[in-house]
Amino acid sequence: MNARILIVEDEESLTTLLRYNLEAEGFEVVCATRGDEADLLLREQLPDLILLDWMVPGLSGIELCRRIRARRETERLPIIMLTARGEEGDRVRGLATGADDYIVKPFSVPELLARVRALLRRTKPAHVSSTLAAGDIELDRLSHRIRRSGREIHLGPTEFKLLEFLMRSPGRVFSREQLLDGVWGHDVYIDERTVDVHVGRLRKAINRAKQNDPIRTVRGSGYSFDEMFSEA
């Protein structure tokens, strides 16, 4: 069963970005734009983790965090606090209130996903797999090792992130802009052609002369990891 994540955030564009990337990771996502709305949702069905904005209307994130920790049924619910307040005193207050982790806006989406996975590994290990596999390719997220037909493949950190991102959603076509957001983060401003360069490096590393290329170029759209590829 996939982990269920509740996003409590009133910024629509950020909610859309988080939902898109979490669902691409395989999580079930529920959203609330107000703290009091989230409080009601928690009474109906418990998620496996909460991404909680400090400044949501209706009921502040800090107050909602206090209420969650005060109830027996939610006292151990994993919480990652999202906030624009980056001062040390604010971080200490957020963690002291009961947040398990604290991330300051603007943040890197890959970093947030890594923190979500790390927290779920500690609290809900059955929901997080450390290995992705497709065809003859295996990718281990914990050791950062990749094998194809038993052969170890050495990738740079960006190519590793790119392959991991594509393998999380086999068959799904991602535009260059979506890959930039998912791999580099939405706050990094680089040319979309950078994606083509790194895809080229990734292909060179994972493919040998008689091996099929699992990365499919979709003309006018972007790239996809072909879940139907097989050894030639």
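Which residues of the largest nonpolar core touch the most other members? Keep that question in mind as you open this predicted model, and begin by selecting M167 and L179, which touch the most other members among the 24 residues of that core.

Next, colour the elements that build this core: β6 (131–134), β7 (137–140), α6 (157–168), α7 (176–184), α8 (193–206) and β12 (222–225) each supply at least two of its residues. Of these, α6 gives the largest share, with 6 residues. In soluble globular proteins, nonpolar side chains tend to be buried together.

Stay with M167 and show what surrounds this residue: if you leave aside its neighbours within four places in sequence, M167 is in contact with L132, A133, A134, I137, L139 and F225. After that, look for a second core, separate from the one you have just seen, which has 21 residues, among them I5, I7, L17 and L112.

Now move to helix α4, which runs over residues 88–97, and select D90, G94 and T97, which are buried. If you turn the view so that you look down the axis of α4, you will find that its buried residues fall within an arc of 70°, and they therefore line one face of the helix. Rotate to the other side of α4, where E88 and A96 are exposed. Then turn back to the buried residues of α4 and display what they pack against, namely α3 (61–70) and β5 (101–104).

For the last stop, step just past the end of α4 to G98, a residue that takes a positive phi of about 135°.

Conventions:
Residues are numbered from 1 along each chain as its sequence is written. This is a predicted model: local features need pLDDT of at least 70, side-chain atom pairs count only at pLDDT 80 or more; totals for chains, interfaces and linings use all residues. Side-chain values use heavy atoms; hydrogens and water are left out. Buried means under 20% relative accessible area, exposed over 50%, partly exposed in between (1.4 Å probe, protein chains only). Helices (H or I, at least four residues) and strands (E, at least two) are DSSP runs, numbered from the N terminus. The arc is that of the directions from the helix axis to the C-beta atoms. Contact means heavy atoms within 4.5 Å. A nonpolar core is a set of buried Ala, Val, Leu, Ile, Met, Phe, Trp, Tyr and Cys residues joined through side-chain atoms within 4.5 Å.
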